[in-house]
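User: I should like to understand the reasoning behind several structural labels. Please set each value against its criterion.

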Amino acid sequence: MLFREKILEPIRQGKVKLAYRRWKRPTVKAGGTLLTAIGLLHIDAVDEVPLKDITDATARESGYATRQALLTELDKREGTLFRIRFHYGGDDPRIALRESGDMAAGEMEKLLKKLEGLDERSPYGPWTKRALGIIRQRPAERAGNLAEALQIDKDWLKVSIRKLKNMGLTESLEIGYRLSPRGETVLDAWKRR
């Protein structure tokens, strides 16, 4: 579930807590969370609603000036109309995770096992250590260049690096990536094995 750039700050400020989407099936569920560019959203409710549910007031609650403006946006998609209620839950939890280079006993071993699992399921064989190593050597390098150097499909690599980011090991830059302090610690530990 994506949000227009100009709605993100009002979401952070708690001014926008409602969204309408047309979906074949919901992409979020009540009780779940959604990671956005501004941080974490907690999904409070996801309800199928009739079009008459949208009023000028609910359109404003969802960040649109008028009902018609929201309807114009919704008309670009097909599917059932859903109303999503949410609240801002704070900064992206991966930020704190990636900044922590120190790990509790056993945490490093669990993380290395998880990385080995990614390697085992990969169509390219072991890639995680190589990817972390090349990101360390070539920060802010385009994904296409990294993929070429690793002899891995670029789109597959981008999705896979997102998995490393979710573990707090990498950070996305405007172009390319860099290792986080946690990623540096993991790569150093892995090299000592």
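User: Why is arginine 138 called partly exposed?

Analyst: In this predicted model, arginine 138 has a relative accessible area of 28%. Partly exposed covers the range between under 20% and over 50%, so arginine 138 belongs to that class.

User: What makes the pair of glutamate 141 and arginine 138 a salt bridge?

Analyst: Their side chains meet at 3.5 Å, N to O. The criterion is a nitrogen within 4 Å of a carboxyl oxygen, and the pair therefore counts as a salt bridge.

User: Why does glutamate 171 count as buried, and how is its partner arginine 178 classed?

Analyst: Glutamate 171 has 9% relative accessibility; buried means under 20%, so the label applies. Arginine 178, at 39%, is partly exposed. The two side chains form a salt bridge at 3.2 Å, N to O.

User: What makes the link between glutamate 184 and arginine 136 one between distant parts of the chain?

Analyst: The two are 48 residues apart, glutamate 184 in helix α9 and arginine 136 in helix α6. Their closest N and O atoms are 2.6 Å apart, and the limit is 4 Å, so this pair is a salt bridge.

User: Why are α5 and α9 called roughly perpendicular?

Analyst: Their axes cross at roughly 80°. Angles of 65 to 115 degrees count as roughly perpendicular, and the term therefore holds for α5 and α9. The contact between them comprises seven nonpolar, one polar and three charged residues, among them Leu111 of α5 and Trp190 of α9.

Terms used. Residues are numbered from 1 along each chain as its sequence is written. This is a predicted model: local features need pLDDT of at least 70, side-chain atom pairs count only at pLDDT 80 or more; totals for chains, interfaces and linings use all residues. Side-chain values use heavy atoms; hydrogens and water are left out. Axes are lines fitted to C-alpha atoms, for helices over the stretch in contact, and angles run from 0 to 180 degrees between N-to-C directions. Helices (H or I, at least four residues) and strands (E, at least two) are DSSP runs, numbered from the N terminus. Angles under 35 degrees count as roughly parallel, over 145 as roughly antiparallel, 65 to 115 as roughly perpendicular and the rest as oblique. Contact means heavy atoms within 4.5 Å. Ala, Val, Leu, Ile, Met, Phe, Trp, Tyr, Cys and Pro count as nonpolar, Asp, Glu, Lys and Arg as charged, and the others, Gly among them, as polar. Buried means under 20% relative accessible area, exposed over 50%, partly exposed in between (1.4 Å probe, protein chains only).
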